[in-house]
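Biologist: I like to know what stands behind each label before I trust it. Could we go through a few of them together?

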Amino acid sequence: LFFIHTVMALRIGMIGGGTVGGGVYDLLTRRVSSPLASIKKICVRDLTKPRSFTVDPQACALTDQIDDVLNDDTLNCVIEVMGGTGIAKDVVLRALGKGKHVVTANKALIAEHLPEIQSAILAAPGGPSFAYEAAVCGAIPIINTLQTCYEGDVVTSVMGICNGTTNFMLCKMEGGADYGEVLKEAQDLGFAEADPTADVEGHDVRAKISILAKLAYGVTVPISAIPTKGISSVTSVDFEYAKSMGCTIKLIGTAARTSKHGEHDGPLSVYVAPKMVPVAHVMGGIGGAGNAVAVTSENMGMAAYTGPGAGRYPTANSVVADVMRIARGNQGEAFPKSAELELSTDYESAFYIRISISDGLGIIKSVGACAEKSGVSISQILQNTISDREAVDFCVTTEVALLSQVKMMCEELKGLSFVKKEPSYMPIQEKPE
């Protein structure tokens, strides 16, 4: 497909007037202030609710009816910042069906309904743009970068810290706080929702790495095909061992070509997991609620992109960037790559395994037998000073193994009489070259 756009004035209807929507309105009216883009209508859920931004009633109308935006033929662009995958899906598909440009920040919608959205883009009259820079990593321009800057390159891996809430929590835990304590703090600060499941169990990152995999490899990866593990099983003990290994712990989404016969010629492996990350790695230095994406390719090696992953103006900035690209005729194809690659849900890595036991004789021998039975080769055994023989946490690290082999080993370990809790595992990120 070839997209040829000319400069056009966008008359915008925005669905959603919350934190991000208010930021978009402020930026477009106060900082950009361009005749190429003006918000004419905003649809909100409750017209009586106080807002954190002031709308000029002479220039922009407020409504609580979505159809007032979608059926207005004077509007040629819809910004969707309402969230969710129900009504938002209807908004996006109907707007495209009417030939309106669409800008969205909705990663869950894109990840869950990508084939349907692609079909709607292709069928849309007039070839409108579909733009979604704000859907992944807030202010980091990773979407446009993957769309436009790797055309003559071959991406071998994409990995990212794509959720600021969990990164904030893990950084606090590294300092000695426990999981429950930092979760409450994240909720009090507004980083985490009252129901934090999407963040702490990795669902948010899963949606984002699905989108990045599509851009990097051209493959539509169903979220159901992405092995996903969150941070709820991470403890302060894991950070103690991480420190002794020269590592920290980060929740990472990864999409990488495996090697079958040559270099990176095998199936595509996409997964989400807390990882032991060397502190010298670019991901190891991302603090607070920051985000980062590292793209490794044949031409450039590793290129890293870092910045704020959420927030009113960081996210709004990406929405506005999309709007102005469309207005200036610079917005290209939404999903420029299309490919058929085998997907593997059984990723391989070196692993860290924490085992909680009551101390006794023959433990290392028994653990080694479980590893051997599972086809796992042990690289290292680490144990802190024992203060209570009835509550000992020690760890083993493995050579490169398949996820299925490590899971099998953990199941074998769980059946041993001296093992007190279900063993916990996480992949180990390779050290940077």
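Biologist: What makes you say that the charged end of Lys-229 sits over the ring of Tyr-425?

Modeller: Happy to start there, with the reminder that this is a predicted model. The charged end of Lys-229 is 3.7 Å from the centre of the Tyr-425 ring. The cut-off is within 6 Å of the ring centre and within 35 degrees of the ring normal, so a charge meeting both counts as sitting over the ring. Arg-31 is another case, with its charged end over the ring of Tyr-313 at 5.8 Å from the centre.

Biologist: Why is the aromatic pair of Tyr-271 and Tyr-347 called stacked?

Modeller: Their ring centres are 3.6 Å apart and their planes make 10°. Rings pair if their centres lie within 6.5 Å, and planes under 30 degrees apart count as stacked, so the label follows. The structure holds 8 aromatic pairs, and ring pairs join Tyr-271, Tyr-347, Phe-351 and Tyr-425 into a cluster.

Biologist: What makes the pair of Tyr-271 and Tyr-347 a link between distant parts of the chain?

Modeller: The two residues are 76 apart along the chain: Tyr-271 belongs to strand β9 (residues 268–278), while Tyr-347 lies in the loop between β12 and β13. Both tyrosines are buried, and that word requires under 20% relative accessible area.

Biologist: How do you know that β13 is largely enclosed by the rest of the structure?

Modeller: Count the buried residues: 8 of the 10 in β13 qualify, so the strand is largely enclosed.

Biologist: And how do you know that β13 and β16 pair?

Modeller: They share 2 antiparallel bridges. Two strands pair if there are at least two bridges between them, so this count is enough. In β16, Leu-402 is the bridge partner of Glu-348. β13 also runs antiparallel to β17, with 5 bridges, and to β15, with 6 bridges. The partner of Ile-353 in β17 is Tyr-425, and that of Tyr-352 in β15 is Thr-397.

Biologist: What makes β3 and β6 edge strands?

Modeller: Each pairs on one side only. Their open sheet has 6 strands in the order β3-β2-β1-β4-β5-β6, with parallel pairing. Within this sheet, β1 and β2 share 6 bridges, and Ile-12 has Ile-39 as its partner in β2.

Biologist: Which strands does helix α1 touch as it packs on the sheet?

Modeller: Helix α1 (residues 19–32) touches β1, β2 and β4, and its direction makes about 150° with that of β2. Helix α11 (residues 312–327) packs on the sheet too, at about 160° to the direction of β5.

Notes. Residues numbered from 1 in each chain as written. Predicted model: local features only at pLDDT ≥ 70, side-chain atom pairs only at ≥ 80, totals over all residues. Heavy atoms only, no water. Phe/Tyr/Trp six-rings, centres within 6.5 Å; stacked < 30°, edge-to-face > 60°. Helix = DSSP H or I, 4+ residues; strand = E, 2+ residues; numbered from the N terminus. Buried < 20%, exposed > 50% of the residue type's maximum accessible area, 1.4 Å probe, protein only. Contact = heavy atoms within 4.5 Å. Axes fitted to C-alpha atoms, helices over the stretch in contact; angles between N-to-C directions.
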